[in-house]
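Reader: I should like to go through this model in order, from the overall fold to individual residues. Please state the conventions along the way.

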Amino acid sequence: MAVTEITSPAVSAVPGKHRAAVATSLPPARGQSFLKLVTIELRKSVNTRSGRYLILGILALAVAALTWQLTHLDDGVQRFDGYLAAASTGVLLILPVIGVMAMTSEWTQRTALTTFTLSPRRIRVQFAKFASAIVLSVVLLSVTAVMALAATAIGGAIDGGGASYAGIGGALAGAYLSTALNVVMGAAFGAVIAQTAVAILVFFVAPTAWGLAGPALFKDNANWLDVFGAFGRIAERDLNGMLPETLTAIAVWVVLPTIVGLWASSRREVK
């Protein structure tokens with residue numbers, strides 16, 4: 001009977017010191033770049049059923065608003081800023097929910113352990129979530145702006161008074177800035193509370209409650225904490241001599257929750 005000699009793989013014949021040299025010669029593991037993290041967060045925002053429905057709902061509201069505008073035309077020149085204001089109402093109303101969901105997804109879906117094991121620097125991940133929410137809001141607002149441009153031209157052709165795009169740069173700048181601040185505010189509330197339903201509820205109820213009760217209790221001084229009024233002034237590019245009030249409202253409702261949310265997220269227990 002022939003006897004077959006079994007030999008161990010070549011690597012097993014390598015002495016221990018040579019094995020250590022081979023191991024150390026391997027390239028070091030590289031961390032994920034910030035751009036990669038932002039791309040991952042963007043994909044997470046649009047790959048879920050709730051995220052897709054939310055985006056479709058925003059675009060549907062914009063189409064509905066523009067359709068209403070075209071069926072209720074005013075006499076005279078059709079102005080782009082009017083159509084943009086109508087189309088962006090749904091964007092301003094619903095887009096912050098995307099920011100909330102971006103910040104709470106790891107905790108409500110119990111993926112925080114996986115995420116922060118792959119990317120241990122939590123603050124970096126949180127900044128990527130903020131950035132992805134802003135990027136998505138810019139994309140959706142850009143689509144809405146294109147639809148508003150088309151609706152303005154159609155309205156001018158139907159009415160016969162023509163279309164005016166005067167001040168389009170300022171209108172777009174105000175819309176982009178107010179939308180970005182609104183989304184950051186929603187993300188900040190999500191980072192602080194970490195529960196989607198509760199964060200969305202607080203985001204809508206707290207500033208609205210102040211807007212209703214503040215003037216009755218503090219008269220004109222309520223403007224110092226009226227964040228939705230601040231967003232409106234920014235969108236209309238008219239601070240109306242209320243720059244300190246506008247900055248204070250943004251600091252209290254946007255900047256402060258962002259700082260607290262980043263601090264809380266970095267120390268929250270992962271389960």
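Reader: Of the contacts in the chain with a separation of 6 or more, what share joins residues 24 or more positions apart?

Author: Some conventions come first: this is a predicted model, in which local features need pLDDT of at least 70, side-chain atom pairs count only at pLDDT 80 or more, and totals for chains, interfaces and linings use all residues. Residues are numbered from 1 along each chain as its sequence is written, and side-chain values use heavy atoms, with hydrogens and water left out. A contact means heavy atoms within 4.5 Å. Among contacts with a separation of 6 or more, the share from residues 24 or more positions apart is 75%.

Reader: In what order do the helices and strands run from the N terminus on?

Author: Helices (H or I, at least four residues) and strands (E, at least two) are DSSP runs, numbered from the N terminus. The chain has 10 helices and 2 strands. Their order is α-α-α-β-α-α-α-β-α-α-α-α.

Reader: Over which residues does pLDDT stay under 50?

Author: pLDDT is the predictor's confidence in each residue, from 0 to 100. The chain averages 82, and 86% of the residues score at least 70. One stretch, for which the model has 3 contacts beyond four places in sequence, stays under 50: residues 1-14.

Reader: Which helix gives the largest share of the largest nonpolar core?

Author: A nonpolar core is a set of buried Ala, Val, Leu, Ile, Met, Phe, Trp, Tyr and Cys residues joined through side-chain atoms within 4.5 Å; buried means under 20% relative accessible area, exposed over 50%, and partly exposed in between (1.4 Å probe, protein chains only). The largest core has 24 residues, with Ile-58, Leu-84, Leu-95, Ile-98 and Leu-140 making the most contacts inside it. At least two residues of this core come from each of α3 (49-71), α4 (80-108), α6 (122-159) and α7 (168-193). The largest share, 9 residues, is supplied by α4.

Reader: Which residues does Ile-98 touch, not counting those up to four places away in sequence?

Author: Ile-98 is one of the residues with the most contacts inside the largest core. Beyond four places in sequence, its partners are Leu-54, Ile-55, Ile-58, Leu-136 and Leu-140.

Reader: Is Ser-178 buried or exposed?

Author: Ser-178 lies in helix α7. Leaving aside neighbours within four places in sequence, Ser-178 is in contact with Leu-92, Phe-231, Ile-234 and Ala-235. Because its relative accessibility is 2%, Ser-178 counts as buried.

Reader: What distance separates the C-alpha atoms of Phe-34 and Phe-127?

Author: Phe-34 belongs to helix α2 (residues 34-47) and is partly exposed, with a relative accessible area of 36%. Not counting residues up to four places away in sequence, Phe-34 touches Arg-124, Phe-127, Ala-128 and Ala-131. Phe-34 and Phe-127 are 93 residues apart along the chain, and their C-alpha atoms are separated by 8.8 Å.

Reader: What is the phi of Lys-219?

Author: Most residues other than glycine have a negative phi. Lys-219 is in the loop between α8 (196-218) and α9 (227-235), and is exposed, with a relative accessible area of 60%. Although Lys-219 is not a glycine, its phi is positive, at about 55 degrees.

Reader: In which loop is Arg-237 found?

Author: Arg-237, a residue other than glycine, has a positive phi near 55 degrees. At 46% relative accessibility, Arg-237 counts as partly exposed. Its place is the loop between α9 and α10 (243-267).
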